[in-house]
Amino acid sequence: MDGYLYAVDQSTGAEKWKFKSRMPIASSPTVSGGILYFVSSVGALAALDIGTGKPKWVLPTEFERKFEARNLHGLPSASQTIPDAWDVFMSSPAVDNGKVFFGSGDGNVYAADAQTGLLLWKFSTKDVVHASPAVANNTVYIGSWDSYLYALDADTGQEKWAFKTGEDPTIHNQVGFQSSPAVVDGIVYVGCRDAHVYAVDAATGRKKWDYPTSKSWVVGTPAVRDGMVYVGTSDSARFMALDAKTGRLRFNFDAKAYMFSSAALAGDLVYVGDHNGKLYALDAKTLKLVWEFQTAASKKDPFKVLNPDGSLNQDAFSPVFGDFEDMYVDFYKFISLGAIMSSPVVDHGSVYFGSTDGNLYALQ
C-alpha cells in the first residue's frame, strides 16, 4: 500500500531493489522470461526487468476504479454512488504462450505481447474486472463484476461462452467476481460474491455443480488437489473442502473471521490467511488445525476487534457515522489488526505471505 513493488532475498529478507508506482499496488506480480509483470492502480500493465527492477514498458488501460454502486451494501445514502472498500484486489496478470492477460477497472480484459507490451486485443465486459485470469488450452477464463464468468479465445479475444451468476440490483452485495478461476481436469472452479462456489465445464460453460455459502462471499481462488476444492468464505468465516466432482462439503474449519486469502497446498498441509491476523496451517485431508501464526498487530488489537478466541467482536463494528463511511472505518480496523488478505506461497520449506501490518513474513 506504500506504492512500492519489492524484490526481497528469499533466504534473508534483505531488499534487492524496489520500484515506485504512483499508487498503491494491489496486484500480485507474475514472472516469466526474466520479466516481472504487475497491474498498477494507476491503470496500466507494467513490465520490469527482474534483475534490476527497471521498467521495460508500460501498457496503459482506459482508466482504473473500484467497483461502485448506489445503495451499496444497503448503506446510506441510497442516491450516492459508493466505491466498495471491500474491492481489495486488482487483477494479477497471467502469462501464456508469449502473451500477458489481465483485467481492468475500465471493464476490459486485455491481452498484450509479453516482450513488447503491444496491445493484441481487448474484450469488453459490462463492469469492473478485478479477478485474475486463468489460461488453459488457449482459453482465458476470467470473471467480471457484471456477474458473468467468461471464456475467451487467447489468440483473438473472441467469446467462447459466458456463464451467468447471481444478481443483486438493489444493494449490489451478492454479485460479482473477485475470485479467480482454477482450471483442473477440464473443470473451471471459481468463487463468487453471489455466495456460491461454482464448477463449470471448461469447454462448454455448462454448470456441473454449485455450492451455496449462506450469503457469504467467496473472494479467494479455489485450490484444487486430489479430488478436493479448498476455499474460504467471508461473513460465515469458514474454510471448506468440497468434493471436486459433486460439490458436497467434505470438511469444514471454523476460521473465526473473514477469509479473502487464497490457500496454498504443499505436502500434507493447506496454508491460508485470515482477517483476524492469523495464518492457519491445516491438515489437507481433515482440515484439522496443525499450527497457527498470529501477527504482532493482531496480538495488540488496538481497536479490540477480536474476541479472545480470534472471532470478531461485533461491538467493535458499531456504526460511527451511520452511512457509507462506516465501511471504510471497518476496513481500517482490519488494517490495524494486521489482517492477512494476501495469499501465501510455499517454497523450499518456507511459507511466505504479506500482512496489512506492513510486513512480509517467512515462516518455517
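In which sense, parallel or antiparallel, do β4 and strand β5 pair, and over how many bridges? In this predicted model, strand β4 and strand β5 (residues 44–49) pair in the antiparallel sense, and six bridges connect them. Within this pairing, F38 has A46 of β5 as its bridge partner. Three residues lie between the two strands of the hairpin that β4 and β5 make, and G43 there adopts a positive phi near 115 degrees.

On its other side in sequence, β4 is joined to strand β3 (residues 30–32) by three bridges, and these two strands likewise run antiparallel. Here S32 stands opposite I35 of β4. The hairpin formed by β3 and β4 has two residues between the strands, and in its turn G33 has a positive phi of about 60 degrees. Strand β4 itself, spanning residues 35–40, is mostly covered, with six of its six residues buried. The side chains alternate in direction, in that I35, Y37 and V39 point one way from β4 whereas L36, F38 and S40 point the other way, and all of them are buried.

Aromatic contacts were examined next. Across the whole structure, 24 aromatic pairs are found. For W86 and F260, the ring centres lie 6.4 Å apart and the planes stand at 80 degrees, so this pair is classed as edge-to-face. The two residues come from distant parts of the chain, 174 residues apart, with W86 in the loop between β8 (81–83) and β9 (94–96) and F260 in the loop between β24 (249–254) and β25 (264–266). Both W86 and F260 are buried. A second edge-to-face pair is made by F253 and Y280, because their ring centres are 5.0 Å apart and their planes are at 70 degrees. Since F253 belongs to strand β24 and Y280 to strand β27, this pair ties together parts that are 27 residues apart in sequence. F253 counts as buried at 12% relative accessibility, and Y280 counts as buried at 2%.

W86 and F260 also belong to one aromatic cluster, which is formed by W86, Y258, F260, F317, F331 and F334. Several members of this cluster recur in the surroundings of H275, a residue located in the loop between β26 (269–273) and β27 (278–283). When neighbours within four places in sequence are left aside, the contacts of H275 include W86, Y258, F260 and F334, and they also include A257, M259, L337, A339, I340 and M341. With a relative accessibility of 0%, H275 counts as buried.

Rings also take part in arrangements with charged side chains. The ring of Y4 has the charged end of K18 over it, at 4.4 Å from the ring centre, and the charged end of K20 likewise sits over the ring of Y4, at 5.3 Å from its centre.

Side chains of opposite charge can pair when their charged atoms come close. In the structure as a whole, 11 salt bridges are found. One of them joins the side chains of K99 and D155, with an N to O distance of 3.0 Å. Because K99 lies in strand β10 (residues 99–103) and D155 in the loop between β15 (148–153) and β16 (159–164), the pair ties together parts that are 56 residues apart in sequence. The two partners fall into separate accessibility classes, as K99 is buried with a relative accessible area of 11%, whereas D155 is partly exposed with a relative accessible area of 42%.

A further salt bridge brings together the side chains of R250 and D243, at 3.3 Å from N to O. In this case R250 is partly exposed, its relative accessible area being 42%, while D243 counts as buried at 18% relative accessibility, a value that falls under the 20% cut-off for burial. K256 forms a salt bridge with D254, in which the closest N and O atoms are 3.3 Å apart. Here K256 counts as partly exposed at 27% relative accessibility, and D254 is also partly exposed, with a relative accessible area of 43%. Through salt bridges that share partners, D254, K256 and D309 are joined into one network.

Conventions
Residues numbered from 1 in each chain as written. Heavy atoms only, no water. Helix = DSSP H or I, 4+ residues; strand = E, 2+ residues; numbered from the N terminus. Buried < 20%, exposed > 50% of the residue type's maximum accessible area, 1.4 Å probe, protein only. Contact = heavy atoms within 4.5 Å. Phe/Tyr/Trp six-rings, centres within 6.5 Å; stacked < 30°, edge-to-face > 60°. Lys NZ or Arg CZ within 6 Å of the ring centre and 35° of its normal. Salt bridge = Lys/Arg side-chain N within 4 Å of Asp/Glu carboxyl O. Pairing = 2+ DSSP bridges.
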